[in-house]
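Please work through the exercises below with the sequence and the structure side by side, trying each task before reading its solution.

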Amino acid sequence: MTLTIANLSAGYGRTTVLHDVTVTDIPPGAFVGLIGPNAAGKSTLFKTIAGLITPSQGTLTIAGEDVTHLGRKDRAKRVAYMPQAYGCNALLSVFESVLLALKQTTGWRVNDDNLDRVSDTLHALGLSHLANRGVADLSGGQAQMVAVAQTIVRAPDVILLDEPTSALDLHHQLSILTSIRNEMDRKKPVVMAALHDLNLAAKFCDRLVLLREGAILADGKPEHILALPQIEETYRVLTDLERTQRNVLYVDARLA
Amino acid sequence: MTLEVDPAAIRHDYVARVSRRYGVIAAVFGLLCLSFLLDITTGPGGYSLSTIAEVLVDPMSHGARLKVIVWDYRLPVAVTAVLVGALLAVAGAQMQTILNNPLAEPFTLGVSAAASFGASLAIVLGFSVIPAVGPLLVTVNAFVFALCTCGFILLATRLKGVGSETMILFGIAIFFTFSALLALMQYMASEDQIARIVFWMMGSLSRASWEKIGLGTILLCFAIPFSLYRTWPMTALRMGEATAQSMGVDLGRLRVEMLICISLLAATAVSFVGTVGFVGLVGPHIARMLVGEDQRYFVPLSAMVGALVLSLTSLISKTITPGIIYPIGIITSLIGVPIFISIILSSRRERLQ
């Protein structure tokens, strides 16, 4: 299911945050990293794609179908959005919290297929041992992984992850992104993730989109984008792009 | 991470947990039936359970006197206790969910205060909001004021799109406003009228009637299926508003629907029996400790626990001093609160069942 964002402008009230954003032809199974400094409009772009903000202009198409004005629930069937992590004090188990995410877009009754999907998703993300734990008892990192599970379980066409690794240690950063990649190989959704760590972005993404002040500065393969002078400008740092001995891209940054 | 569990096992755990919950619900229902039966057999006269049962089956089997006692007095009181307990607890449960605050209930949000003011307006000035309601004047006034208060909170959220914290602040402001107005009414009232206002506010089940019961039952028969229908968005709301919205929940619409439902439930319950605090708080709280917050089990069990609490209150109000029926508002607070606190303290931490 190809995702295309064309000439999108959106904002809050009278403030326009996104200015004429265009990202064309993101193919199924593509992992797009959205990079850019704080307050670049990454979350706003995600909220607009997820239908939480109505754009003032522009269109969104999934597999050739215009979904710009698709209702809240129909949109949620096709686009799953994980907001930045928030704590919660609900008396629900991890299993239940993933089940409830799935049940928003499937019928009222819980059937066998629903239960299979929840347990498979938890297993795929390495969260099975937390299934009976209360969501309020989770650590920040665990809660973030459960939030990813809540997004993936719905098997949508488009998955939007707002800083999925911000609360995770190194092991879990790698493990969650690897699990997402594995899921993508199976179900071929489009995944867009806002990432602050450029090295993680280089390692996992097929394509990077650089956003600054609500406008797109660059869009392309990681090795091209990370070598651009705009990276230094946008992040206000000096960078060196290297290839390690194992041919992995490495961004070395220091203050200008 | 190393302790990976088989997917079939976690699935099995969930299914087992669900069946345990049905067990808990059945047990509470059993207790409720028991309390209800005790409630109708307890009272002056000391009739046995079998005598009462015979009158229930055949009203005239033990003469007209016993028919009046059972059918016109004890049964309406016992049914009203169950019904109002359920109404208050469901209203409390839904308020707590949409406001994300375990302290929300009709009493804390000023609904009871508004109803008391409406009642006092009828008692002191004989003023009716809806003309020509006759003997139902006090009840109707209380209902209209309670409903308007909920409507006001609703309107405020709708107009400003305010969050749950602002809604609670609104509720507190309403509570103090109506308390002041109530004090003003009492200042203007005669001694006899003050006595009536105070008695109304204490809460009593003796205002029970079959008409009220019919009305309350119809309401409950809409409210519980409706909240079951909205069970998944409501459960999602427990994950936080931002998360629920990202899952496709139309938060604005859900809030409005639920506030309308809560308004009707709370206004009805309060206008029927007066101020009964605490049931709307304790019903959902105990239900949450027993089955967690999956609304499919949480809402029906809240209703049952609320019903059980008020039914037991009715029983206790008759048995403390034989021949005297204490106002239920006093009993729920005096006896209920220490029990409630001991429950909170004994289960140091809320755990999932």
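The model is a predicted one. A:Glu213 is partly exposed, with 14 other C-beta atoms within 10 Å.

**Exercise 1.** Locate A:Glu213 in the fold and state what is notable about its phi.

Solution. Begin with the chain: A:Glu213 sits in the loop that lies between β9 (207–212) and β10 (215–220) of chain A. Next, turn to the backbone, where A:Glu213 has a positive phi of about 50° although it is not a glycine. As background, most residues other than glycine have a negative phi.

**Exercise 2.** Describe how β9(A) and β10(A) are joined, and place β10 within its sheet.

Solution. First take the pair itself: β9(A) and β10(A) run antiparallel and are joined by five bridges, and A:Leu211 stands opposite A:Ile216 in β10(A). Then widen the view to the open sheet of six strands in chain A, which has mixed pairing and the order β6-β7-β8-β3-β9-β10. Its edge strands are β6 (79–82) and β10 of chain A, each of which pairs on one side only. From one strand to the next, the twist averages 15°.

**Exercise 3.** Is A:Ala63 buried, partly exposed or exposed, and where does it lie?

Solution. Start with the position: A:Ala63 belongs to the loop between β4 (57–62) and β5 (65–66) of chain A. Now apply the count, in which 12 or fewer neighbours would mean exposed and 20 or more would mean buried; because A:Ala63 has 13 other C-beta atoms within 10 Å, it is partly exposed. Finally, check the backbone of A:Ala63, whose phi is near 50°, a positive value in a residue other than glycine.

Technical notes
Residues numbered from 1 in each chain as written. Chains lettered and ligands numbered in written order. Predicted model: local features only at pLDDT ≥ 70, side-chain atom pairs only at ≥ 80, totals over all residues. Helix = DSSP H or I, 4+ residues; strand = E, 2+ residues; numbered from the N terminus. Pairing = 2+ DSSP bridges. Axes fitted to C-alpha atoms, helices over the stretch in contact; angles between N-to-C directions.
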